[in-house]
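The report that follows walks through one structure chain by chain, then turns to its contact, its interior and some points of backbone geometry. Please keep the sequence and the coordinates at hand while reading.

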Amino acid sequence: MKKILLAIVLMLIPQLVLAADARPDRPHWSLELKGGAFFPNASDWSKFYGSSYMGEYGGALSYKFLRQFEAGISGSFASASGSGFLQSSGQTSGNVTFQRAPVDVFVLARGIFNEKQLLVPYLGGGYTRMFYRAEIQDQGTVQGSVNGFHGRSGVQILMDGLDPSASESLYRDFGVHHTYFIMEGKYTRAMADTVSAGSVNLGGISAFGGFMFEF
Amino acid sequence: MKLKNFAYLLAAALYLTTAAPSPALADTIVVQRGGTYPTIQSAIEHVKTVRQQPLNASLQFTIQVQADPAAYADAFTPVSNIDIVGTSTSGTFLTSAVTISGVQSVTIRNFTFKSGFPGMAISGSSNIEITNNVFSNLGTNATAISVDSASSSVSIINDTFASNGTAINARGSVTLDNDIFYRNSTAINSGGAVTISYSYFFGNAANGIADLGFHSFPNTTTPAADPLFVSADGGDFHLQSASPAAGAGDPQYKNSFNSTSDIGAYGGPNSDILLTPITNLTSKLLGTTPETMELDWAATSIATVTGYRVYVNSNSNVAVSPLQSFIVPIGTTTRTVDNLPPAATAPDPPVLAAPAPANQALQLSWSRSPGATSYVIYFSTTSFDANSLPTSPAPIPVDVSSLGDVLHPSYKLANLVNGQTYFVAVKAVAQTTVFAGVTAVIDTTLPANPGSNNESALSNIPPGLTIGASQESGISGPLTGVPEPVVPYPNVKGEGCFIATAAYGCYSAPQVQALRDFRDRYLLTNAPGRAFVAWYYHYGPIGAHFINLHPWLKPPVRLALLPLVAGSLFLLHAPPAAKVALLLFLIVAGLWRVKIGLEKKVQRKMMLRVGGVK
């Protein structure tokens, strides 16, 4: 365990071997494209939709005030098709498509100390506006949006060193300073009213993988 | 192996698998509007590309042009060793210019070149075959095919030239066989070595040549006669059965559908077959015992048809597992059919399962009754039995053909009222019904196959004829069911129906959120609170609707809600000590208020005692 921790710490140290020509400017923007799985907080999800998770895809755009601090907006989308139920008996019935699309405004802190740092941990969170839509076949649609919050954390893995020449080309042709592979966990809480005089958390846990481009 | 060499090998392998055009080994390219190759020229360009590979240089290609009601209008220039073939003469139209120049071994087959086609120009080429094409209505100044003196071995076989300027302008070596020249300004303008045989000339302003050729028409024994197209004015150049050009062609070019040789575009081994369905089929029962049925239909005018195939079945899909199927020879257009199925007997009653509720509907399912040809569903909001079947709402007849071949047919009883109890019953009905259809057949020895090259599509299907009375089973049921809406999971509400939402204008306003959180934390956790919420959920939307209708009410309602919102925020977010302090403050303030009140009361009483006034 100690060796693993030591290795991680070493990876946080600037990668001198990957040293390249110093660039005159620093990136201020970043674009994330990511996909993964969303595990809903609602307890009976798999009973009605056949699985305890669903695919979620999204992206984020943020501005970096400092290399260690940024703020931005992100959005994602997840959809599941399954059945609904009958209020009287509780038995499953009909065909229902449930969609959720959280839009987040976030601040994020990154543990970056050098442009060549291989692993960059980060932690953030912020406001969430959760849009939801339940379409019941041959019956109608229920839709709305509620407020909530989210927290997210993960690690960004610098990929420039895999192919320095490609990295240099990306910078020269498109202004992309760095490309990171990201792995992220996210918790969202957004309470929506239920018809039966209660509320339900439309959030849950998301696990993402994707790429981030700094420019 | 060094890493660098391995990388080169890998790159080479990748190049070989991805750089080589994948269709290189295919010898047929399909041209289809909206497809990969939308024009004939685009397919030819692909052929050129493929042949740039040394191994493919001599590959023979067929470009198959899919039939399309709209004409292909883009000009094309064939390359050598290529067949350009329409999928049917009568369905593949060209108005594009065709330039065949300096090439060898090219076939143009199965097209209709129609008005707008500027002509086909053949120059400096050899081994060119133009077969089974129709060239019609190109205009009085147009020449359908021009062959220059530098071309050789040009074969024009089984083509029909109708109502053009000059059909063929031949300067090179040209062979004409089995062609029809019909009402052209000039049939053949010959200045080269033209060989003609088995061709048919009628109604041309000038045939252009003195010798019409070996076995051509008219000749010394056969005078000129109309070739009897199905509809020359309508553009259908198939031969009628009585056409003098039918079976009069070159014996070396047998028809694709029989052993004779027809002259014109719809004869010879590559002719397409378009069999017009039989029309005017009628059927009637003759009232005999056992019952027989008489069929009558209109005769076909297609020369190649040698018989009719009659289909008899118990449903309107007469050709699918028919009860009877037999051939009637050409020349006969009426037929009596016997051995029809007997009248039906009463089927067993079906067994109805408990109706499954759905939104404004009940999903019914029952066991199949052998022999049933339909079912009748009875439903009512009041109870009934076999002796008092409801007539309103009207019973619903359901044909077995609409239910599928399943052991447990099902039916969705729709347009019901949610929450209403319905009584439902079903019974089976058996009725013997016969349907009939007729097709035109070229080769009657081949298996039945309506819509094929050998057999036309089915004729019109007359209404079914019923044999005997219908027989009904007893009813199954009635059973009850209550339609109800499907609820999604999670059962979230749509937004915007409550007073606070209406007053603040937004479901997610912080004030509304505070009240919602207060509800979840302080009201839904106890019975009186839940009762209040239930009451409010019932009447809240009424108030919200009223506020939405009178927007001027929103500010005062917001003002009225302010203490509730402030109280909710305090209770939700204040630390426990603050809540205790506030509680103590309220108690003290209340006691102080009571004390002041009591003092004032005592003071007033004392003033009254000393003779003061109230």
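## Chain A: order of elements

Read from the N terminus on, the elements of chain A follow the order α-β-α-β-β-β-β-β-α-β-β-β-β, and the chain thus holds three helices and ten strands. The model is a predicted one, and what is said here about chain A should be read with that in mind.

Chain A has 215 residues, of which buried residues make up 43%. Among its contacts between residues at least 6 apart in sequence, 64% join residues that are at least 24 apart.

## Chain B: elements and contacts

Chain B has seven helices and 33 strands, and buried residues make up 42% of its 614 residues. When contacts between residues at least 6 apart in the sequence of chain B are taken, 54% of them join residues at least 24 apart.

One loop residue of chain B may be looked at in its setting. B:Ala57 lies in the loop that runs between helix 2 (40–51) and strand 2 (61–65) of chain B, and with a relative accessible area of 44% B:Ala57 is partly exposed. B:Val47 stands ten residues from B:Ala57 along the chain, and the C-alpha atoms of these two residues are separated by 9.5 Å.

## The contact between the chains

Chain A and chain B bury about 2700 Å² between them, and 54% of this area is on carbon and sulfur atoms. On the side of chain A, the residues that lose the most area to chain B are A:Phe85, A:Gln139 and A:Asp193, which together account for 22% of what that side buries. As for the residues that take part, the contact draws 36 from chain A and 24 from chain B.

## Nonpolar cores

In soluble globular proteins, nonpolar side chains tend to be buried together. The largest nonpolar core in this model has 50 residues, and the members that touch the most other members are B:Ile84, B:Ile108, B:Met120, B:Phe135 and B:Ile145. Strand 11 of chain B, which covers residues 134–147, gives the most to this core, with six residues.

With residues up to four places away in sequence left out, B:Met120 touches B:Val98, B:Ile100, B:Ile108, B:Phe113, B:Ile130, B:Phe135, B:Thr143, B:Ala144, B:Ile145 and B:Ser146. A second core, separate from the largest, has 26 residues, and A:Ala42, A:Tyr49, A:Ala78 and A:Ala80 are among them.

## Cavities

How many cavities of 30 Å³ or more does the structure hold? There are four of them, and the second largest has a volume of about 50 Å³. The lining of this second largest cavity is formed by A:Lys34, A:Gly59, A:Ser74, A:Gly75, A:Ser76, A:Pro102, A:Asp104, A:Arg152, A:Glu184, A:Lys186 and A:Phe208. Two or more residues of that lining come from each of strand 3 (69–86), strand 4 (92–110) and strand 7 (178–189) of chain A.

Of these elements, strand 3 of chain A gives the most to the lining of the second largest cavity, with three residues. By residue class, the lining of the second largest cavity divides into two nonpolar, four polar and five charged residues.

## Backbone geometry in chain B

Most residues other than glycine have a negative phi, and most peptide bonds are trans. Against that background, two peptide bonds of chain B may be noted. B:Phe217 and B:Pro218 are joined by a cis peptide bond with omega of about -5°, and B:Pro218 is found in the loop between strand 18 (200–202) and strand 19 (229–231) of chain B. The bond from B:Thr289 to B:Pro290 is also cis, with omega near -10°, and B:Pro290 is placed in the loop between strand 21 (282–285) and strand 22 (293–296) of chain B.

Positive phi values are found at residues other than glycine as well. In B:Ser163, which belongs to strand 13 (residues 160–170) of chain B, phi is near 55°, and this residue is partly exposed, with a relative accessible area of 29%. B:Arg183 likewise has a positive phi, near 55°, but its place is in the loop between strand 15 (180–182) and strand 16 (186–190) of chain B. The relative accessibility of B:Arg183 is 42%, and B:Arg183 therefore counts as partly exposed, a class that lies between buried, under 20%, and exposed, over 50%.

Technical notes
Residues numbered from 1 in each chain as written. Chains lettered and ligands numbered in written order. Predicted model: local features only at pLDDT ≥ 70, side-chain atom pairs only at ≥ 80, totals over all residues. Heavy atoms only, no water. 1 Å grid on protein atoms, 1.4 Å probe; cavity = no way out; pocket = protein on both sides within 12 Å on 5 of 7 lines; lining within 4 Å. Points joined across faces, edges and corners; volume = space filled by probe spheres on them. Helix = DSSP H or I, 4+ residues; strand = E, 2+ residues; numbered from the N terminus. Nonpolar A, V, L, I, M, F, W, Y, C, P; charged D, E, K, R; others polar. Core = buried A, V, L, I, M, F, W, Y, C linked by side-chain atoms within 4.5 Å. Buried < 20%, exposed > 50% of the residue type's maximum accessible area, 1.4 Å probe, protein only. Contact = heavy atoms within 4.5 Å. Buried area = accessible area lost by both parts, 1.4 Å probe.
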